[in-house]
Amino acid sequence: MKFEEPQNENNENKKVPVGLHGARCVMVVDLGKQDETWDGVTTIKNMVLFAFEVPGYEYPVSKQYNVSWNAKSSLSMHLTSWFGNFSATDRANFDTQDILGKECTINVGQTEGGNPKLLSILPSQGEVPKAKHPILHFEIQDYINGDKEVFNLLPEWMRNKIMQSKQIENLNSPF
């Protein structure tokens, strides 16, 4: 039997391919305090997700980061390569809302499963069209305070991840 891949006109424009692409930051999502296991040891890390829209492709490219200003952390390295060297004052004044809608160039690789993987964020190399996706900023504290408007706009997998956070888990705990 011969297998043929279904023909879908938009199939090639869904996932961002490997390479450098002009992009715009369309989402900053506070994922809260999450369990993270590395080398058999589980710790709790404060996590954030950035998502970037590449014009012409349906799905944004996203990356989850441990919130850390350590020089070797992915978050620190990506923000430094995007905006330049961050001083202690820059770090103290940094607000994730400041990067929403900002243009950049992203270097995209591929996971073993064939999905786009954000490798680095660089300064913009040219003008990027306005975003077609809504530009969203979500903080766990808003959800805890009863504001679920932005939460409800997030993709299901992100909402599920947020619901696994220690803050939400503790909110739902009977003790």
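## The hairpin of S4 and S5

In this predicted model, strands S4 and S5 form a hairpin with five residues between the strands. Within this hairpin, Gly 114 takes a positive phi near 90 degrees. Strand S5 covers residues 116-122, and six bridges join S5 to S4 in an antiparallel arrangement. One of the bridge partnerships links Asn 107 with Ser 120 in S5.

Strand S4, residues 103-110, also pairs with strand S1, residues 19-38. This pairing is antiparallel and extends over six bridges. Here Ala 23 has Cys 104 of S4 as its bridge partner.

## Positive phi angles outside the hairpin

Asp 39 has a positive phi of about 55 degrees, although Asp 39 is not a glycine. The residue lies in the loop between S1 and S2. Asp 39 has a relative accessible area of 66%, which is over 50%, and therefore counts as exposed. A further positive phi, of about 100 degrees, belongs to Gly 84, just after helix H1.

## Helix H1 and its surroundings

Which residues of H1 are buried? They are Leu 75, Ser 76, His 78, Leu 79 and Trp 82. An α-helix has 3.6 residues a turn, so residues three or four places apart point the same way. The buried residues of H1 are covered by parts of the structure that include S1, S2, S3 (61-66), S4 and S5.

His 78 offers a closer view of this helix, since His 78 is found in H1. Its relative accessibility is 8%, so His 78 counts as buried. Leaving aside residues up to four places away in sequence, His 78 touches Lys 63, Tyr 65, Leu 118, Leu 119, Ser 120 and Ile 121. Ser 120, one of these contacts, is also the bridge partner of Asn 107.

## Aromatic rings

A pair of aromatic rings is described by the distance of the centres and the angle of the planes. The model has six aromatic pairs. In one of them, the ring centres of Phe 52 and Trp 82 are 5.7 Å apart and the planes stand at 65 degrees; this angle is over 60, so the pair is edge-to-face. The pair links distant parts of the chain, with Phe 52 in strand S2 (residues 41-53) and Trp 82 in helix H1 (residues 74-83), 30 residues apart. Both Phe 52 and Trp 82 are buried.

Trp 82 also forms an aromatic pair with Phe 83, with 4.3 Å from centre to centre and 25 degrees between the planes. That pair is stacked. Trp 82 has a relative accessible area of 4% and is therefore buried, whereas Phe 83, at 38% relative accessibility, counts as partly exposed. Together, Phe 52, Trp 82 and Phe 83 form one aromatic cluster.

## Charged ends over rings

Two lysines are placed over tyrosine rings. The charged end of Lys 63 sits over the ring of Tyr 65, at 5.5 Å from the ring centre. For Lys 148, the charged end sits over the ring of Tyr 143, at 4.5 Å from the ring centre. Lys 63 and Tyr 65 are also among the residues that His 78 touches.

## Cysteines

How many disulfides does the model have? The count comes to zero. Cys 25 is in no disulfide, and the nearest cysteine sulfur, that of Cys 104, is 7.2 Å away. Likewise, Cys 104 is in no disulfide, with the sulfur of Cys 25 as the nearest cysteine sulfur at 7.2 Å. Cys 25 has a relative accessible area of 0% and is therefore buried. The relative accessible area of Cys 104 is 0%, so Cys 104 is buried as well.

## Nonpolar cores

In soluble globular proteins, nonpolar side chains tend to be buried together. The largest nonpolar core of this model has 22 residues, and Phe 50, Phe 52, Trp 82 and Ile 106 touch the most other members. S1, S2, S3, H1, S4 and S5 each supply at least two residues of this core.

Phe 50 touches Met 27, Val 28, Val 61, Ser 62, Lys 63, Tyr 65, Leu 75, Leu 79 and Ile 99, not counting residues up to four places away in sequence. Apart from the largest core lies another core, of 16 residues. Its members include Val 26, Ile 140, Phe 151 and Ile 162.

How values were computed:
Residues are numbered from 1 along each chain as its sequence is written. This is a predicted model: local features need pLDDT of at least 70, side-chain atom pairs count only at pLDDT 80 or more; totals for chains, interfaces and linings use all residues. Side-chain values use heavy atoms; hydrogens and water are left out. Two strands pair if DSSP finds at least two bridges between them. Helices (H or I, at least four residues) and strands (E, at least two) are DSSP runs, numbered from the N terminus. Rings of Phe, Tyr and Trp (its six-membered ring) pair if their centres lie within 6.5 Å; planes under 30 degrees apart count as stacked, over 60 as edge-to-face and the rest as tilted. Buried means under 20% relative accessible area, exposed over 50%, partly exposed in between (1.4 Å probe, protein chains only). A charge sits over a ring if NZ of Lys or CZ of Arg is within 6 Å of the ring centre and within 35 degrees of the ring normal. Contact means heavy atoms within 4.5 Å. A disulfide is a pair of cysteine sulfur atoms within 2.5 Å. A nonpolar core is a set of buried Ala, Val, Leu, Ile, Met, Phe, Trp, Tyr and Cys residues joined through side-chain atoms within 4.5 Å.
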